Amino acid sequence: PAHYDEETGKYVIDVPFPCKFDVENKKWLYDQPDTWENVIARFKKRGPKNQEFVARIQKGKQELEELRKEVG
């Protein structure tokens, strides 16, 4: 949830950032601010699919770097 502020020429987030996440109900709690420490802790608690996701991102980054070396 955000809106464009005509006066500043920028987008403004309409909720606390970061905000809490209800893991059980898989729902963002827009009315409850959170800390970045909690966000990082929540990210680290993700299950085995998170490791697979990170590995795919790392592989893509490595492939992109190799492609750039070939082209450049």
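**Exercise 1. The largest pocket**

Which residues line the largest pocket? Give also the volume and the chemical make-up of the lining.

*Solution.* The model is a predicted one.

Step 1. List the lining: F21, V23, K26, W28, V39, R42, F43, K45 and R46.

Step 2. Sort these residues by class. The lining holds 5 nonpolar and 4 charged residues, and no polar ones.

Step 3. Assign the lining to elements. Helix α1, residues 36–44, gives the largest share, with 3 residues.

Step 4. State the volume. The largest pocket encloses about 180 Å³ of space.

**Exercise 2. K26 in the pocket lining**

Where is K26 found, and is K26 buried or exposed? Describe its backbone as well.

*Solution.*

Step 1. Locate the residue. K26 sits in the loop between β3 and β4, the latter spanning 27–33.

Step 2. Read the backbone. K26 is not a glycine, yet its phi is positive, at about 50°.

Step 3. Classify the accessibility. The cut-off for exposed is over 50% relative accessible area. K26 has 68%, so K26 is exposed. K26 is also one of the residues that line the largest pocket.

**Exercise 3. The loop between β2 and β3**

Which peptide bond is cis, and in what element does P18 lie? Then work out the surroundings of F17 and P18.

*Solution.*

Step 1. Identify the bond. The peptide bond running from F17 to P18 is cis, and its omega is near 0°.

Step 2. Place both residues. F17 belongs to the loop between β2 (10–13) and β3 (19–22), and P18 belongs to that loop too.

Step 3. Check the accessibility of F17. F17 counts as exposed because its relative accessibility is 60%.

Step 4. Look for nonpolar partners on the surface. F17 joins I13 and W36 in a nonpolar patch, whose accessible area is about 370 Å² together.

Step 5. Look for contacts across the chain. P18 and N38 are 20 residues apart along the chain, and their C-alpha atoms are separated by 9.4 Å. N38 lies in helix α1. With a relative accessible area of 40%, N38 is partly exposed.

**Exercise 4. Salt bridges**

How many salt bridges are found in the whole structure? Work through R42 with D34, and then through K49, E52 and R56.

*Solution.*

Step 1. Give the total. The whole structure contains 5 salt bridges.

Step 2. Take R42 and D34. Their side chains form a salt bridge with an N to O distance of 3.3 Å.

Step 3. Compare the two ends of this bridge with the cut-off for buried, which is under 20% relative accessible area. D34, at 13%, is therefore buried. R42, at 21%, is partly exposed. R42 also appears in the lining of the largest pocket.

Step 4. Take E52 and K49. The closest N and O atoms of this salt bridge are 3.4 Å apart. The two residues stand about one helical turn from each other because they are 3 residues apart in helix α2 (residues 48–71).

Step 5. Take R56 and E52. This salt bridge has an N to O distance of 3.6 Å. Here the spacing within helix α2 is 4 residues, about one turn of the helix.

Step 6. Combine the pairs. K49, E52 and R56 form a network of salt bridges.

Step 7. Classify the members of the network. K49 is exposed at 61% relative accessibility, and R56 is exposed at 52%. E52 is partly exposed at 37%.

Definitions and conventions: Residues are numbered from 1 along each chain as its sequence is written. This is a predicted model: local features need pLDDT of at least 70, side-chain atom pairs count only at pLDDT 80 or more; totals for chains, interfaces and linings use all residues. Side-chain values use heavy atoms; hydrogens and water are left out. Patches are made of residues with over 30% relative accessible area and no salt bridge: like charges are joined within 9 Å, nonpolar side chains (Val, Leu, Ile, Met, Phe, Trp, Tyr) within 5 Å. Accessible areas come from the Shrake-Rupley method with a 1.4 Å probe; for residues, only the protein chains shown count as cover. A salt bridge is a side-chain nitrogen of Lys or Arg within 4 Å of a carboxyl oxygen of Asp or Glu. Buried means under 20% relative accessible area, exposed over 50%, partly exposed in between (1.4 Å probe, protein chains only). On a 1 Å grid over the protein atoms alone, a cavity is a set of points where a 1.4 Å probe fits but cannot get out, and a pocket is an open set with protein on both sides within 12 Å along at least five of seven lines; lining residues have an atom within 4 Å of a point. Grid points are joined across faces, edges and corners, and a volume is the space filled by probe spheres set on the points. Ala, Val, Leu, Ile, Met, Phe, Trp, Tyr, Cys and Pro count as nonpolar, Asp, Glu, Lys and Arg as charged, and the others, Gly among them, as polar.
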